[in-house]
Amino acid sequence: MAEHDKDDSVVESVTEKISEKTHGHDSSSVSDSDHEKSKSNPDSLKSKIYRLFGREKPVHKVLGGGKPADVFLWRNKKISAGVLGGATAIWVLFELLEYNLVTLVCHCLILALALLFLWSNASTFINKSPPRIPEVCIPEEPVLQTAAALRIEINQGFSVLRDIASGRDLKNFLTVIAGLWVLSIVGSWCNFVTLFYIAFVLLHTVPVFYEKYEDQVDAFAEKAMIEIKKQYAVFDAKVLSKIPRGPLKDKKRD
């Protein structure tokens with residue numbers, strides 16, 4: 001009997017140890033899974049954050065990356081300020097001083113050629129070396145790459161205009177018409193040089209402002225988009241849905 005009791009106590013102690021180990025393993029696995037969920041929750045929350053125009057990349061990547069994006073985002077303040085100052089000087093010359101482009105180019109060339117000519121001839125009298133004028137040669141490959149990229153963008157633009165003109169998408173049609181109308185109004189207020197300068201200044205101010213106050217701007221844009229969609233739904237139900245549309249083309253093929 002004593003040996004039987006000892007065997008029972010040994011079995012009970014072994015089962016208790018096994019149950020403790022399995023319980024500890026389960027609790028640790030549950031805690032690990034909870035920890036992983038808590039780690040994954042911030043990522044899921046970040047992915048659900050509304051971004052302007054549905055972008056998924058940083059502002060630097062959206063602008064193409066590289067040196068142009070660095071200039072637009074003022075990564076190097078001296079270069080960005082120099083580029084913006086040069087554009088401002090050109091705008092002042094053409095708009096405020098009413099310089100003509102051909103006149104300005106001719107005057108600059110006259111001044112540069114006169115200085116180089118006098119320096120080359122005077123170098124023999126003053127015992128100084130003549131100026132080293134570099135040879136300028138435009139490489140063929142970058143020109144072809146730029147032309148190919150420009151051709152692709154122009155063809156895509158023509159394709160979009162064709163789809164809009166064919167009556168397939170009324171929403172895009174109204175958006176393009178409204179944009180062209182606003183652009184025509186802005187163009188009546190100022191000439192092409194001023195319009196180009198305004199766009200250039202906006203490229204040097206809006207991206208850096210948006211990058212600095214990204215969360216606030218995205219939150220405001222989300223509320224604005226919700227309100228715009230509500231108003232568009234009302235307008236679509238009352239007006240657009242009653243407009244007869246043309247026959248749809250390019251249906252699904254068998």
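**Notebook: one salt bridge and some ring pairs**

I looked up R75 first and found it partly exposed at 43% relative accessibility (buried is under 20% relative accessible area, exposed over 50%, partly exposed in between; 1.4 Å probe, protein chains only). A note to self: this is a predicted model, where local features need pLDDT of at least 70, side-chain atom pairs count only at pLDDT 80 or more, and totals for chains, interfaces and linings use all residues. Residues are numbered from 1 along each chain as its sequence is written, and side-chain values use heavy atoms, with hydrogens and water left out.

Next I searched the whole structure for salt bridges (a side-chain nitrogen of Lys or Arg within 4 Å of a carboxyl oxygen of Asp or Glu) and got one. R75 pairs with E211, with 3.0 Å between the closest N and O atoms. E211 sits in helix α8 and R75 in the loop between α3 (66-72) and α4, so this bridge ties together parts 136 residues apart in sequence. Helices here are DSSP runs (H or I, at least four residues), numbered from the N terminus. E211 is partly exposed too, at 27% relative accessible area.

Then I turned to the rings of Phe, Tyr and Trp (its six-membered ring), which pair if their centres lie within 6.5 Å; planes under 30 degrees apart are stacked, over 60 edge-to-face, the rest tilted. My search of the whole structure gave four aromatic pairs. W91 and Y197 are stacked, 5.0 Å centre to centre with 10° between the planes. W91 is in helix α4 (residues 77-96) and Y197 in helix α8 (residues 192-212), so they tie together parts 106 residues apart in sequence. I found both W91 and Y197 buried. Happily, I also spotted F192, F196 and F200 linked into a cluster by ring pairs.

Conventions: Helices (H or I, at least four residues) and strands (E, at least two) are DSSP runs, numbered from the N terminus.
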